[in-house]
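Thanks for sharing this one. Here are my notes, set out as numbered points so that you can follow along with the structure open.

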Amino acid sequence: MSGPRVIVAADPEAVAAAAADRISVILAGAVAARGRAHLATTGGSTPVEVYRRLGGSPLRDVVPWADLDVWWGDDRFVRRGDPLSNVTAFDEVLLGESSVELASDRIHPFPVDESVDAGEDPDRCAARLADELGAVGLAQSDGWPVLDLIILGVGSDGHVLSVFPGSSAFDATEWALGIPAPTHIEPHVPRVTLNPAIVTVARHVLVLVSGASKANVVADILGGPRDTRRLPARLAVRPDATWVLDEAAASKLPG
Ligand code: 6PG
């Protein structure tokens, strides 16, 4: 199997610029092909600058906002607006600072507020999100919903989504699931996540990694055997994936 496309950019700013260009092209292509684009975005530090670029000139006029549905690959089980929520940067930067207009029924965060209000646990919250995914009529592959683009960050332990090394999520059949608070990685709060299998059927995957602290794990993920349970980010080592690394994160890659 051929590997992913790997782009090395100078620094985190350049990673965000390359990522935003690629995102706008993929989303425009999805709308041209199917009339609608489904994006799953991520948390972590990288999306902030990506959102700024998508919401600013010239990409603002390229992204097909009116035909876009936005989902999250994972989130912390905290209310929308909480600094720990993966939705907060999207709300503050894209909808706030950049004033991009997106219909609220096309923005699909994990419904943590509804679940907390109803006294539900993360599993039930994830089930609500899975129902919402089921209701939009996505194509399926092997029973999994096919998103047009999933953006992923990589944790220092090699996790993607909220799927940590050794996660039982690899055996789950639900489209989305609750994850107990990890003890080895911050923040130590319960999570909700898409099933890792959804990464393997997405039309495109875009992985964004910056910083020297990720250099060893990136080299291990891109250079090692395909044991996804030990290093979940290996799910994204596939031909339709693009990895955008800054020079620091790429510094341990051979050649
Ligand atoms: C988490 C983290 C994590 C994050 C990666 C990449 O909840 O465990 O937020 O999933 O996406 O660690 O983060 P950076 O983009 O900040 O490197």
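1. Where is the place of Pro-187? Pro-187 sits in the loop between β9 (176-179) and β10 (191-194). Please keep in mind that this is a predicted model. Is Pro-187 buried or exposed? With a relative accessible area of 14%, Pro-187 counts as buried, because the cut-off for buried is under 20%.

2. What does Pro-187 touch? If you set aside the neighbours within four places in sequence, Pro-187 is in contact with Arg-76, Leu-84 and Pro-182. For a sense of distance, take Ile-26: Pro-187 and Ile-26 are 161 residues apart in sequence, and their C-alpha atoms are 31 Å apart in space.

3. The strands on either side of that loop belong to an open sheet of three strands, in the order β4-β10-β9, with antiparallel pairing. β4 and β9 are the edge strands, each pairing on one side only. On average, and ignoring direction, neighbouring strands of this sheet are turned by 15° against each other. Helix α5 (residues 122-135) packs on the sheet and touches β9 and β10; the direction of α5 makes about 165° with that of β9.

4. Now the pairing in detail. Strand β4 (residues 74-76) pairs with β10 over three bridges in the antiparallel sense, and β9 is joined to β10 by four bridges, also running antiparallel. Thr-193 in β10 is a handy residue to find on screen: Asp-74 stands opposite Thr-193, and Leu-177 stands opposite Thr-193 as well. For Val-192 in β10, Gly-178 stands opposite.

5. Which way do the residues of β10 point? Arg-191 and Thr-193 point one way, while Val-192 and Leu-194 point the other way. This fits a general pattern, because side chains in a regular strand alternate between the two faces of the sheet. In β10, all four of these residues are buried, Arg-191 included.

6. There is also an open sheet of seven strands, in the order β1-β12-β11-β8-β2-β3-β5, and here the pairing is parallel. The edge strands are β1 (5-9) and β5 (107-108), each of which pairs on one side only. Within this sheet, strand β8 (residues 149-153) runs parallel to strand β11 (residues 204-209), and five bridges join them. To locate this pair, look for Ile-150, which stands opposite Val-205 in β11.

7. Helix α7 (residues 215-223) lies across β1, β11 and β12 (241-246), and runs at about 155° to β12. Which residues of α7 are buried? They are Ala-215, Val-217, Val-218, Ala-219 and Ile-221. The cover over these buried residues of α7 includes β11 and β12.

8. Next, the inside. How many cavities of 30 Å³ or more are there? The count is one, and about 60 Å³ of space lies in it. Its lining is made up of Leu-27, Leu-39, Thr-41, Tyr-51, Leu-54, Trp-65, Leu-68, Val-70, Phe-90, Leu-94 and Ile-151. By class, these lining residues are 10 nonpolar, one polar and no charged. β2 (37-41), α2 (46-55), β3 (68-72) and α3 (88-97) each supply at least two residues of this lining.

9. The largest pocket has a volume of about 580 Å³. It is lined by 28 residues, and those nearest its centre are Gly-43, Gly-44, Ser-45, Val-154 and Lys-214. α1 (12-34), α2, β4 and β11 each give at least two residues to this lining. The lining of the largest pocket divides into 10 nonpolar, 11 polar and seven charged residues.

10. The second largest pocket holds about 170 Å³ of space. Of the 15 residues that line this pocket, Arg-80, Pro-109, Phe-110, Pro-111 and Glu-114 lie nearest its centre. β5 and α4 (112-117) are the elements that give two or more residues to the lining, and α4 gives the most, with three residues. The lining of the second largest pocket has seven nonpolar, two polar and six charged residues.

Notes
Residues numbered from 1 in each chain as written. Predicted model: local features only at pLDDT ≥ 70, side-chain atom pairs only at ≥ 80, totals over all residues. Heavy atoms only, no water. Buried < 20%, exposed > 50% of the residue type's maximum accessible area, 1.4 Å probe, protein only. Contact = heavy atoms within 4.5 Å. 1 Å grid on protein atoms, 1.4 Å probe; cavity = no way out; pocket = protein on both sides within 12 Å on 5 of 7 lines; lining within 4 Å. Points joined across faces, edges and corners; volume = space filled by probe spheres on them. Nonpolar A, V, L, I, M, F, W, Y, C, P; charged D, E, K, R; others polar. Pairing = 2+ DSSP bridges. Axes fitted to C-alpha atoms, helices over the stretch in contact; angles between N-to-C directions.
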